[in-house]
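Q: Please take a close look at one part of this model, the second largest cavity, and describe what lines it and how the surrounding elements are arranged.

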Amino acid sequence: MHFTTSALGACALLSLVSAAPLVARENTHKIDTVEDWPAFPSGLFPSVSGLFPPSPTGLFPSSSSSTPVTFPLPNGFPNIQDPSSALTTIEEAAHGTLPNGAPPPSLNADDATSLQLIAFNELFEVFFFTELLQNVSNNVQGYQVWDPIVRQQLIAELTAVVAQEELHALNANGALAHFGAQTIQPGKYHAGVSDLQSALTKASTFTDLVLGTLQDVIVKLGVNGDAALSRGIASVVGQEGEQNGYFRSLLGKLPSSLPFLTASTREFAFSALNQNSVTPGSSPGSSSINLPVFGPLNILTQDIAAADQTLQFSFAPTSNATSANGLSLVYINQQNDPLILALSNVTDTNKEITFSAAFPYSSHELNGLTIAVLTRGSGPFDGVDDVAKATVFGPGLILVN
Ligand SMILES: *[C@@H]1O[C@H](CO)[C@@H](O)[C@H](O)[C@H]1NC(C)=O
Ligand SMILES: *[C@@H]1O[C@H](CO)[C@@H](O)[C@H](O)[C@H]1NC(C)=O
Ligand SMILES: *[C@@H]1O[C@H](CO)[C@@H](O)[C@H](O)[C@H]1NC(C)=O
């Protein structure tokens, strides 16, 4: 078969390409922020306003309260044998199976750390999405979706996501067990949100961080001689990206946030989970994960807009850094060189140090996830790994658009 383009076809194609920007300029104003984006036709993508206003009275007469999610789950998770009817039930709900290929002959200890981090994270995700599904299904106050089609879609997707995350966790722990490494068991978690919009925003934020962290995991698999495992990890990157696109569209955002998703490291993901979501010491096995937990970096500025601005931050001094002296603020966004910013307006009350720093949005197109950390010294840093080595506080997670 030959691919040919007639002269006429090529011409028409070219004129289409060159005409498109002109048409856009004439007919609409510049569309490049969520605010500028025209409303989705109703029924195609639900808009924020269609999803989240208070439901018409009487539609949800009794809003039941949320019941705590504890492990093991009613289906026995995480204690699932392979094979078993419990696993088959999870696989049916997940629309697919655990990988059934033979594992590679060996696993580098550093990559066992990566699988432990993945299990630690996936267990939290199982918790989060199980609780979210329950809140939506039970019409918990703040989680009532009055559009019946959207509600049905959301419940169908969350049902699949819970089972898919269960398989991600079982897969990571299964590999750890196979290689005789410490597995990770569920702990106590807190979602830290109490309405659907915040829950979807939180899910989108931690998923973005995971999508960056799995880049780091894949690099290490290659460097450590475990490249055979990277295919399966890359398949999860795409899978979680699909989830995130759906959450983003529910929030009225463009489903795909950036051309190149923001890089992260294992240290940032482990720190964020410990700081925000997991009760310290509650997850058996997690103390053996050979990654640091940095001090928290709080972002005081709320609802950060897509604009150049000054942001306010704070941190509680620790033995690692008792003052702001010698610290720099570093932003990581997309696959670009880390941005290093000076701290200004520092106030030190002994218990809490607050400071300001610029957020140079427009010159760097700081859309999607930006990871903010405080480093010792001002670099220059040769990529995200180098930043992680110098980090003392963080990560602060900034989501624009
Ligand atoms: C579910 O709702 C309860 C009650 O509002 C809330 O505390 C919890 O954080 C919610 N969980 C999620 C994942 O949204
Ligand atoms: C100090 O830094 C190390 C390594 O980054 C980290 O493991 C430890 O938890 C930090 N200590 C405190 C008190 O934040
Ligand atoms: C300085 O910090 C305070 C809060 O500590 C903040 O209200 C103020 O806007 C900051 N000023 C500048 C110029 O960043």
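A: In this predicted model, the second largest cavity encloses about 60 Å³ of space. Its lining consists of Tyr331, Ile332, Asn333, Asn336, Asp337, Leu339, His364 and Leu366. By class, four of these residues are nonpolar, three are polar and one is charged. The element that gives the most to this lining is strand 3 (residues 327-333), with three residues.

Strand 3 also belongs to an open sheet of four strands, whose order is 4-3-7-8 and whose pairing is antiparallel. Strand 4 (339-341) and strand 8 (391-400) are the edge strands; each has a single partner strand, and one side of each is therefore left without a neighbour in the sheet. On average, neighbouring strands of this sheet are turned by 25 degrees against each other, direction ignored. Strand 3 and strand 4 run antiparallel and are joined by three bridges. Within this pair, Val330 stands opposite Ile340 of strand 4.

Two helices are placed against the sheet. Helix 6 lies across strand 7 (368-376) and strand 8, and runs at about 125 degrees to strand 8. Helix 8 packs on the sheet as well, where it touches strand 3, strand 7 and strand 8; the direction of helix 8 makes about 80 degrees with that of strand 8. Strand 3 is thus a link in the description, as a contributor to the cavity lining and as a strand touched by helix 8.

Helix 6 and helix 8 also pack on each other, at an angle of about 145 degrees and with their axes 8 Å apart. On the side of helix 6, the contact is made by Lys202, Leu209, Thr213, Asp216, Val217 and Lys220, while helix 8 supplies Arg266, Glu267, Phe268, Ala269, Ala272 and Asn276. The residues of this contact divide into five nonpolar, two polar and five charged.

These two helices lead on to another enclosed space. The structure holds three cavities of 30 Å³ or more, and the largest has a volume of about 80 Å³. Helix 4 (109-137), helix 6 (196-223) and helix 8 (266-276) each supply at least two residues of the lining of that largest cavity. Helix 4 accounts for the largest share, four residues. The full lining comprises Leu117, Ile118, Asn121, Glu122, Val210, Thr213, Leu214, Ala269 and Leu273. Six of the lining residues are nonpolar, two are polar and one is charged. Thr213 and Ala269 are among the residues that line the largest cavity, and both also take part in the contact between helix 6 and helix 8.

Further strand pairings can be set beside the sheet described above. Strand 2 (residues 309-315) pairs with strand 1 (residues 298-299) in the antiparallel sense over two bridges, and Ser314 in strand 2 is the bridge partner of Asn298. Strand 2 is also joined to strand 6 (residues 353-359) by seven bridges, and these two strands run antiparallel. In that pairing, Thr310 stands opposite Ala358 of strand 6.

How values were computed
Residues numbered from 1 in each chain as written. Chains lettered and ligands numbered in written order. Predicted model: local features only at pLDDT ≥ 70, side-chain atom pairs only at ≥ 80, totals over all residues. Heavy atoms only, no water. 1 Å grid on protein atoms, 1.4 Å probe; cavity = no way out; pocket = protein on both sides within 12 Å on 5 of 7 lines; lining within 4 Å. Points joined across faces, edges and corners; volume = space filled by probe spheres on them. Nonpolar A, V, L, I, M, F, W, Y, C, P; charged D, E, K, R; others polar. Pairing = 2+ DSSP bridges. Axes fitted to C-alpha atoms, helices over the stretch in contact; angles between N-to-C directions. Contact = heavy atoms within 4.5 Å.
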